[in-house]
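Here is my note on the structure, set out as numbered points for a colleague who has not met it before. Please read each point with the sequence and the model side by side.

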Amino acid sequence: MIDALYGDDAVRAEKLMTHGTDFLRDHLLAWAPQMLDLATQHAQTHFMKGVVLLSIGALDSYAELLDLPFERP
């Protein structure tokens, strides 16, 4: 998408943004919050808990940017 924007291809950039939004809403947000919540509960090292928390933060930020609900269990 960034390459399309730098190449002045707004139509392609918008199409890619739509695909990303649809994937996040229809697939990733359907299961990731529950899986990450379980991973947080069962992480046995600080490293893994940190990876999970970073993942939650990234998904939450991306969902917020796209105005999609990110509901943690």
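1. Leaving aside residues up to four places away in sequence, Thr 40 touches Lys 49, Val 52 and Ile 56. Thr 40 itself belongs to helix H2, which covers residues 10-42, whereas helix H3 covers residues 46-65. Thr 40 counts as buried because its relative accessibility is 13%, and the cut-off for that class is under 20%.

2. The model is a predicted one, and a careful reader will want to know how far to trust it. The mean pLDDT of the protein is 91, and 99% of its residues reach 70 or more. Confidence is not even along the chain, however: helix H1, residues 2-6, has the lowest mean, at 83, while helix H3 has the highest, at 94. As a general caution, predicted coordinates should not be read in detail where pLDDT is low.

3. How many helices and how many strands does the protein have? There are three helices and zero strands, so that, read from the N terminus on, the order of elements is α-α-α.

4. The overall dimensions deserve a comment, since the radius of gyration of the protein is 15 Å, where a compact globule of 73 residues would have one near 11 Å. Along the principal axes, the C-alpha trace spans about 45 × 20 × 15 Å. Of the 73 residues, 23% are buried, and the accessible surface comes to about 5,600 Å², with 60% of that area belonging to carbon and sulfur atoms.

5. A second threonine of helix H2 is worth setting beside the one in the opening point. Thr 21 also has its place in helix H2, and Thr 21 is buried because its relative accessible area is 15%, which falls under the 20% limit. Once residues up to four places away in sequence are set aside, Thr 21 touches Tyr 62, Leu 66 and Leu 68. The C-alpha atoms of Thr 21 and Leu 66 are 6.8 Å apart in space, although 45 residues separate the two in sequence. For the protein as a whole, among contacts between residues at least 6 apart in sequence, 52% join residues at least 24 apart.

6. Is Arg 25 buried, partly exposed or exposed? Arg 25 lies in helix H2 and is partly exposed, because its relative accessible area of 40% falls between the 20% and 50% limits. With residues up to four places away in sequence not counted, Arg 25 touches Ala 30 and Leu 68. Leu 68 is thus named among the contacts of Arg 25 and also among those of Thr 21.

7. Distances along helix H2 can be followed from Arg 25 to two other residues. Between Val 11 and Arg 25, which are 14 residues apart in sequence, the C-alpha to C-alpha distance is 21 Å. Between Arg 25 and Leu 38, which are 13 residues apart along the chain, the C-alpha atoms are separated by 20 Å. Val 11 has its place in helix H2 and counts as exposed because its relative accessibility is 68%, the cut-off for exposed being over 50%.

8. Two aspartates should be checked for their backbone angles. Most residues other than glycine have a negative phi. Asp 8, which is not a glycine, has a positive phi of about 60°, and Asp 67, likewise not a glycine, has a positive phi of about 60°. Asp 8 is found in the loop between H1 and H2, whereas Asp 67 is found in the segment after H3. Asp 8 counts as exposed because its relative accessibility is 72%, and Asp 67 counts as exposed because its relative accessibility is 70%.

9. A last remark concerns the charges. The protein has 5 positive and 11 negative charges, and the mean positions of these two groups are 6 Å apart.

Methods: Residues numbered from 1 in each chain as written. Predicted model: local features only at pLDDT ≥ 70, side-chain atom pairs only at ≥ 80, totals over all residues. Heavy atoms only, no water. Helix = DSSP H or I, 4+ residues; strand = E, 2+ residues; numbered from the N terminus. Rg over C-alpha atoms; globule rule 2.2 N^0.38 Å. Buried < 20%, exposed > 50% of the residue type's maximum accessible area, 1.4 Å probe, protein only. Contact = heavy atoms within 4.5 Å. Areas by Shrake-Rupley, 256 points an atom, 1.4 Å probe, with all protein chains shown as cover. Lys, Arg positive; Asp, Glu negative; His and termini not counted. Charge placed at Lys NZ, Arg CZ, Asp CG, Glu CD. pLDDT = per-residue confidence, 0-100.
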